[in-house]
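Good morning, and thank you for joining this session. I would ask you to look at the structure with me while I go through its charged pairs and its cysteines.

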Amino acid sequence: VQLQACGGGLVQPGGSLRLSCAASGTIFSVNAMGWYRQAPGQQRELVAVKTSGGSTNYADSVRARFTISRDNAKNTVYLQMNTPKPEDTAVYYCNLNWRRVNGGRIRDSWGQGTQVTVSS
């Protein structure tokens with residue numbers, strides 16, 4: 001399975017940016033897709049995750065500003081970033097939690113990361 005993320009770049013505080021990540025390969029089922037981020041010198045942290053059942057979970061720091069959505073048919077996840085702040089600057093990684101075969105073990109796969117810089 002490969003995850004291809006795109007949409008990162010430079011955005012001004014108060015602007016907006018949309019990230020997308022598409023998974024390709026042999027996938028039997030997807031449990032959840034999400035976004036994590038890692039700023040320099042810090043640990044990777046959860047930004048947002050959406051399960052196949054529709055449940056969502058957001059980091060407190062982005063709640064009400066970021067929105068995660070999915071296109072289940074395309075195994076694609078999006079992150080709409082509204083009114084970003086300089087502290088949102090990080091490398092953003094998409095995550096796929098999935099099974100290759102029916103009853104198989106649950107796997108975690110990661111995208112290559114896309115840089116988001118929030119600066120005026």
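Arg 65 forms a salt bridge with Asp 88, and the closest N and O atoms of this pair are 2.8 Å apart. Arg 65 lies in the loop between β6 (56–58) and β7 (66–71), whereas Asp 88 lies in the loop between β8 and β9, so the pair ties together parts that are 23 residues apart in sequence. Arg 65 and Asp 88 are both buried. I should state at this point that we are looking at a predicted model.

Asp 88 has a further partner. Arg 37 also forms a salt bridge with Asp 88, with 2.9 Å between the closest N and O atoms. Here Arg 37 belongs to strand β4 (residues 29–38), and Asp 88 sits in the loop between β8 (76–82) and β9 (90–99); the pair therefore ties together parts that are 51 residues apart in sequence.

Let us stay with Arg 37. Its relative accessibility is 6%, and because the limit for buried is under 20%, Arg 37 counts as buried. Arg 37 forms a salt bridge with Glu 45 as well, the closest N and O atoms being 2.8 Å apart. Glu 45, for its part, is partly exposed, with a relative accessible area of 34%.

Taken together, Arg 37, Glu 45, Arg 65 and Asp 88 are linked in a network of salt bridges. In total, the model has four salt bridges. As a general remark, side chains of opposite charge can pair when their charged atoms come close.

I turn now to the cysteines. Which residues does the disulfide join? It joins Cys 21 to Cys 94, with an S to S distance of 2.0 Å. The count for the model is one disulfide. The torsion about the S-S bond of Cys 21 and Cys 94 is about 45°, so this disulfide is right-handed. Cys 21 is part of strand β3 (residues 16–24) and Cys 94 of strand β9, so the pair ties together parts that are 73 residues apart in sequence.

Are these two cysteines buried or exposed? Cys 21 counts as buried at 0% relative accessibility, and Cys 94 counts as buried at 1%. Cys 6, by contrast, is in no disulfide; the nearest cysteine sulfur, that of Cys 21, is 8.3 Å away. With a relative accessibility of 42%, Cys 6 counts as partly exposed.

Note on methods
Residues numbered from 1 in each chain as written. Predicted model: local features only at pLDDT ≥ 70, side-chain atom pairs only at ≥ 80, totals over all residues. Heavy atoms only, no water. Salt bridge = Lys/Arg side-chain N within 4 Å of Asp/Glu carboxyl O. Buried < 20%, exposed > 50% of the residue type's maximum accessible area, 1.4 Å probe, protein only. Helix = DSSP H or I, 4+ residues; strand = E, 2+ residues; numbered from the N terminus. Disulfide = S-S within 2.5 Å.
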